[in-house]
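Open the model in your viewer and keep the selection panel at hand. The stops below go from the whole chain to single contacts.

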Amino acid sequence: MSSPRSAQLRALALHDFRNIAAARLELPPEGIALVGENGQGKTNAIEAIAYLRMLRSMRGARDRDLIRHGAPAFHIAAELGNLPAMRATIGADRAGRKKVTLDGAEPEKLTDALDALPSVSFSPRDVDLIAGAPAERRRYLDITLALTSPAYLHALRRYRGALLRRNAALRDATRKGAARTLVAAVAAWEPALAEQGAILVRARRAWAAAHAARFTALSAAIGETQPAALEYAGSAADADDPQAELLAQLERQREQDLRRCLTHAGPHRDDLVLRLDAHDLRQVGSAGQQRTAAIVLRMLESATHREATGVIPALLLDDPFAELDRRRTARILALLEEEGVGQCVLCVPREDEIPSQFTRLQRWSVRAGTFTR
Ligand SMILES: Nc1ncnc2c1ncn2[C@@H]1O[C@H](COP(=O)(O)OP(=O)(O)OP(=O)(O)O)[C@@H](O)[C@H]1O
């Protein structure tokens with residue numbers, strides 16, 4: 001593959017997005033620093049940029065919560081470089097309508113516009129990736145893999161569809177006394193779940209195997225003195241034939257599933273286990289150690305994208321070094337530099353919090369949803 005190109009956001013125009021009534025930002029290739037006190041709109045700008053990747057809020061907010069209070073709709077327009085589309089627009093209104101265009105045309109499916117602007121965001125909230133429930137880490141894996149592999153995205157959608165239907169069939173069967181035909185309606189979804197689930201299991205464990213050594217090395221390079229490890233764990237994670245294993249587990253657990261009206265076996269229950277000196281980082285990691293591990297996961301997310309597509313995602317740094325000591329911060333910045341940072345949007349509350357590596361970034365001040373240079 002030719003040398004990686006860095007995804008470029010050349011200009012961003014926002015209307016009625018969160019507290020931003022109207023703003024236009026122009027960004028040089030190396031990026032910008034957004035400087036502003038708490039609650040002024042820095043994260044809102046990052047959320048708008050990240051929307052161009054996921055076509056939804058990185059904070060998990062509903063589209064209608066992104067619309068400025070009192071306004072009917074929000075609108076994002078971006079001029080892009082080094083990417084398939086040069087221009088992307090997204091609008092969403094309070095009635096739940098959403099319209100996306102790439103170079104002026106609506107893509108056939110919304111998913112065709114995913115990753116219009118690849119980005120990876122680092123924020124203090126990422127600690128939930130480490131300290132939170134397994135669902136957080138599954139979401140991380142799913143996003144990392146779905147945005148770099150159409151086959152994964154396809155399997156994920158089909159798996160989720162089959163899971164919803166099997167769970168609905170379980171509720172139906174239980175409500176009506178588990179008649180044999182209704183139990184058969186539950187079983188009918190199992191081959192699809194096993195087939196698509198096996199694709200997810202194989203891809204996730206291959207990703208974990210490919211990145212485990214890098215997780216350990218980056219953690220050590222940032223300053224972790226105990227060995228850090230990453231491993232994919234799940235009911236079929238070690239199976240030679242995950243499809244056959246998942247099918248057998250679904251059959252075996254059908255009785256229990258009928259009692260609880262939920263599917264218990266499958267990759268929707270798996271986890272990406274992170275350890276420090278063989279102990280679960282969730283339990284033993286200090287706040288700073290958990291923040292470090294989260295930053296390493298974000299670095300791996302960026303590397304995965306670069307390796308799969310040849311495009312370096314934009315780096316969205318939302319006050320990312322809060323709670324980290326100076327040495328760790330300096331090492332992280334050096335590592336980011338080594339990996340090839342691409343374009344950067346850095347948010348900090350004060351100018352003196354811009355690390356020396358980023359003092360060259362053009363500065364914008366953010367106040368009550370307005371952006372000025
Ligand atoms: N839908 C909305 N309409 C209008 N204002 C909103 C909306 N959603 C959020 N806000 C406002 O946006 C502001 C928060 O902005 P943001 O999260 O970008 O802060 P920030 O500048 O990143 O601050 P911090 O440094 O604390 O993270 C709050 O004042 C909030 O009330």
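Domain bounds here come from an automatic or database domain assignment. On that basis, the chain of this predicted model is divided into domain 1, residues 1-118 together with 313-373, and domain 2, residues 126-310. Colour the two separately before going on.

**Stop 1: the domain contact**

Place a centroid on the C-alpha atoms of each domain; the two centres lie 28 Å apart. Where they touch, 18 residues of domain 1 are in contact with 17 residues of domain 2. Which helix gives the largest share of the domain 1 side? Select α12, which supplies 6 residues there. By class, the domain 1 side of this contact has 8 nonpolar, 2 polar and 8 charged residues.

**Stop 2: α11 and α12**

Keep α12 (residues 326-339) selected and add α11 (residues 287-309). The two axes come within 12 Å and cross at roughly 5°, so α11 and α12 are roughly parallel to each other. Show side chains for Gly 288, Thr 292, Ile 295, Met 299 and Ala 303 on α11; they meet Arg 328, Ile 332, Leu 335 and Glu 339 on α12. This contact comprises 5 nonpolar, 2 polar and 2 charged residues.

**Stop 3: the sheet of β9, β10 and β11**

Next, select the open sheet of 3 strands, which has the order β9-β10-β11 and antiparallel pairing. Which strands stand at its edges? They are β9 (228-233) and β11 (279-280); each has a single partner strand, so one side of each is left without a neighbour in the sheet. Between β9 and β10 (residues 271-276), which run antiparallel, count 6 bridges. One pair to label is Leu 230 with its bridge partner in β10, Leu 274. Then add helix α7 (residues 190-222), which lies across β9 and β10 and runs at about 170° to β9.

**Stop 4: α4 and α5**

Select residues 134-146 for α4 and residues 150-175 for α5. Their axes come within 7 Å and cross at roughly 135°, which makes α4 oblique to α5. On the α4 side the contact is made by Asp 142, Leu 145 and Ala 146, and on the α5 side by Tyr 152, Leu 153 and Leu 156. Sorted by class, these are 5 nonpolar residues, no polar ones and 1 charged.

**Stop 5: β2, β5 and β6**

Move to β5 (residues 73-81), which pairs with β2 (residues 8-17) in the antiparallel sense over 7 bridges. Label Leu 12 and, opposite it in β5, Ala 78. β5 also pairs with β6 (residues 87-93), again antiparallel and over 7 bridges. For this pairing, label Glu 79, which stands opposite Arg 87 in β6. The hairpin of β5 and β6 has 5 residues between the strands, and Asn 82 takes a positive phi near 65° there.

**Stop 6: the ligand**

Finish by selecting the ligand and the 15 residues around it. Which of these come nearest? They are Asn 19, Asn 38, Lys 42, Thr 43 and Asn 44. Helix α1 (residues 42-54) gives the most to this shell, with 3 residues. Colouring the shell by class shows 2 nonpolar, 9 polar and 4 charged residues.

Technical notes. Residues are numbered from 1 along each chain as its sequence is written. This is a predicted model: local features need pLDDT of at least 70, side-chain atom pairs count only at pLDDT 80 or more; totals for chains, interfaces and linings use all residues. A residue is near a molecule or strand if its C-beta atom, placed from the backbone, lies within 6 Å of it. Helices (H or I, at least four residues) and strands (E, at least two) are DSSP runs, numbered from the N terminus. Ala, Val, Leu, Ile, Met, Phe, Trp, Tyr, Cys and Pro count as nonpolar, Asp, Glu, Lys and Arg as charged, and the others, Gly among them, as polar. Axes are lines fitted to C-alpha atoms, for helices over the stretch in contact, and angles run from 0 to 180 degrees between N-to-C directions. Angles under 35 degrees count as roughly parallel, over 145 as roughly antiparallel, 65 to 115 as roughly perpendicular and the rest as oblique. Two residues are in contact if their C-beta atoms, placed from the backbone, lie within 7 Å. Two strands pair if DSSP finds at least two bridges between them.
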